[in-house]
Amino acid sequence: MADAVRRRPSLARLAERARAPAVGQTLRAAMAATIAYAVALQLSSAARPLTAPLTALLVVQVTFYATLTKGVRRVTAVVVGVLIASGFSLMVGLSWWSLGLIILASLIAGRIVRVNEFVPEVAISAMLVLGVTRVEGTAWARILETLIGAVVGLTFNLVLAPPVWVETAGEAIEDLARRMRRLLLRSAEQLTVVTPHAEATDRLHAARELDDSVGDVDASLRRAEDSLRLNPRVREALMHRVVLRTGLDTLEICAVVVRTLTRALADLAKARERGEPLFPRDVGAALEDLLGYVGDALVSFAQLVSTEVSANAETAAGRLEADLGAARAVRDRVEALLLDSVERDEENWFLYGALLADVNRILDELDTEHRSARLLEALDRSGRDLREDLPRLPRFRAWLTR
């Protein structure tokens with residue numbers, strides 16, 4: 001019985017991993033490559049048309065938007081490389097100096113046709129084709145196989161849409177908020193005791209490491225944004241992108257403020273090198289409550305921006321409002337206590353003011369009105385960018401609605 005109970009969590013984790021987007025993407029890529037090879041066997045004269053499954057495997061990217069953009073550029077790079085190899089094979093053949101010329105011409109051609117990150121693939125394709133016997137026939141067969149793989153890959157993404165990575169990005173945003181909350185709680189635990197300057201400095205270094213976490217979340221969010229673009233499975237994709245992006249922007253600002261807050265505590269610990277606690281017991285206890293509520297508000301905010309279902313969003317919004325209300329109430333009490341403490345510690349009054357300013361900045365960034373204004377501004381900016389990129393779209397839409 002105990003073994004069965006222990007197996008349940010592992011089975012649940014296994015089932016969750018099986019439903020992960022990465023698993024679906026792996027299966028899609030394998031199926032697309034297999035189908036491309038089967039089609040190329042029927043249409044190509046080559047005995048083993050491996051270029052077709054290779055191209056299909058490369059074209060089927062993580063997102064549908066990336067498939068259309070990177071896939072087309074990748075196919076263009078391969079075709080240009082094959083054409084360059086065909087031309088050189090007819091004129092000079094393969095030697096050390098002609099190989100150098102082919103690589104140079106391929107890299108220049110890649111820049112000209114603007115295949116961006118796939119410029120090296122132009123030269124790679126040219127060298128692969130040039131190294132094969134009977135280049136004249138192989139080159140055109142390779143082009144046909146490349147086109148087969150590209151068509152199969154693009155069609156495969158139309159039939160089976162790629163996964164949407166919004167949930168993964170939301171989890172990354174929540175993890176960032178929880179990491180900030182843990183740092184605030186660790187800082188709060190040392191407010192009423194003697195805190196060595198080295199320990200306070202360690203928390204400052206941990207706050208600086210939040211920048212790396214923000215970068216990781218930004219990468220995950222960019223993938224999620226790409227998965228929403230041109231994806232037939234998603235409605236209101238623009239709203240999803242804007243909500244997640246503005247949410248990360250807010251947390252990034254809060255991460256910077258948390259770093260300045262821990263810096264103020266580190267400076268205060270340095271000033272207390274005579275063995276005194278950072279704050280008197282009543283002030284420190286109130287500050288501990290305040291930082292706890294601020295950490296809770298950060299997590300509630302992250303859950304709000306990463307929630308898709310309206311009912312859950314309302315629950316998250318209510319929880320955020322409760323956390324912000326509690327934090328503001330304690331903030332007012334802390335402000336009064338710090339004003340009294342300034343009279344007994346005039347040398348460090350500016351550190352007290354910095355702490356209050358940092359807390360006020362975080363609460364202001366998490367405020368629902370501030371968030372709504374940022375959302376509207378981001379939506380307006382996205383609309384302007386779309387109209388600039390597609391200037392004829394409004395006129396076409398107006399013509400359809402006549």
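This is a chat about a predicted model of one chain and its helices, salt bridges, surface and cavity.

Biologist: What does the secondary structure of the chain come to?

Modeller: This is a predicted model, and its chain has 16 helices and 0 strands.

Biologist: How many residues are there, and what share counts as buried?

Modeller: The chain has 402 residues, and 44% of them count as buried. The exposed area of the chain is about 21,800 Å². Carbon and sulfur atoms supply 58% of that area.

Biologist: What share of the contacts comes from residues 24 or more positions apart?

Modeller: Among contacts with a separation of 6 or more, 78% are between residues 24 or more positions apart.

Biologist: Salt bridges next. How many in the whole structure?

Modeller: A search finds 9 salt bridges. One of them pairs the side chains of Arg361 and Glu365, at 3.1 Å from N to O.

Biologist: Where do Arg361 and Glu365 lie?

Modeller: Both are in helix α14, which covers residues 349–366. They are 4 residues apart, so about one helical turn separates them.

Biologist: Is Glu365 buried or exposed?

Modeller: Glu365 counts as buried, because its relative accessibility is 4% and the cut-off for buried is under 20%. Its partner Arg361 is partly exposed, with a relative accessible area of 40%.

Biologist: Which residues are joined into one network by salt bridges that share partners?

Modeller: Glu174, Asp175 and Arg178 form that network. Within it, the side chains of Arg178 and Asp175 meet at 4.0 Å, N to O. Those two residues lie 3 apart in helix α8, residues 166–188, which is about one turn of the helix.

Biologist: And how exposed are Arg178 and Asp175?

Modeller: Arg178 is partly exposed at 30% relative accessibility. Asp175 is partly exposed too, with a relative accessible area of 47%.

Biologist: What does the side chain of Arg179 meet in a salt bridge?

Modeller: Its partner is Glu209, at 3.5 Å from N to O. Arg179 is in helix α8, whereas Glu209 is in the loop between α9 (197–208) and α10, so the pair ties together parts that are 30 residues apart in sequence. Arg179 counts as partly exposed at 29% relative accessibility, and Glu209 counts as partly exposed at 42%.

Biologist: I'm also looking at Ser213. Where is it, and what does it touch?

Modeller: Ser213 is in helix α10, residues 210–228. Leaving out residues up to four places away in sequence, Ser213 touches Leu176 and Arg179. With 11% relative accessibility, Ser213 counts as buried.

Biologist: Now the backbone. What is the phi of Arg114?

Modeller: Arg114 has a positive phi of about 60°, although it is not a glycine. Most residues other than glycine have a negative phi. Arg114 sits in the loop between α5 (96–112) and α6 (119–130), and its relative accessible area of 67% makes it exposed.

Biologist: Surface question. Which residues make the nonpolar patch?

Modeller: Met31, Ile35, Leu158, Val159 and Leu160 make a nonpolar surface patch of about 480 Å². Helices α2 (21–43) and α7 (135–159) each supply at least two of its residues. Leu158 is in α7 and counts as exposed at 59% relative accessibility.

Biologist: What about Trp349, buried or exposed?

Modeller: Trp349 counts as exposed, because its relative accessibility is 52% and the cut-off for exposed is over 50%. Trp349 lies in helix α14. Its C-alpha atom is 8.6 Å from that of Leu338, with the two residues 11 apart along the chain.

Biologist: Last topic. How many cavities of 30 Å³ or more?

Modeller: The count is 1 cavity of 30 Å³ or more. The largest cavity has a volume of about 40 Å³.

Biologist: Which residues line the largest cavity?

Modeller: The lining consists of Leu191, Leu261, Leu265, Leu287, Leu291, Leu355 and Val359. The elements giving two or more residues to that lining are α11 (237–271), α12 (281–305) and α14.

Terms used: Residues are numbered from 1 along each chain as its sequence is written. This is a predicted model: local features need pLDDT of at least 70, side-chain atom pairs count only at pLDDT 80 or more; totals for chains, interfaces and linings use all residues. Side-chain values use heavy atoms; hydrogens and water are left out. Buried means under 20% relative accessible area, exposed over 50%, partly exposed in between (1.4 Å probe, protein chains only). Contact means heavy atoms within 4.5 Å. Accessible areas come from the Shrake-Rupley method with a 1.4 Å probe; for residues, only the protein chains shown count as cover. Patches are made of residues with over 30% relative accessible area and no salt bridge: like charges are joined within 9 Å, nonpolar side chains (Val, Leu, Ile, Met, Phe, Trp, Tyr) within 5 Å. On a 1 Å grid over the protein atoms alone, a cavity is a set of points where a 1.4 Å probe fits but cannot get out, and a pocket is an open set with protein on both sides within 12 Å along at least five of seven lines; lining residues have an atom within 4 Å of a point. Grid points are joined across faces, edges and corners, and a volume is the space filled by probe spheres set on the points.
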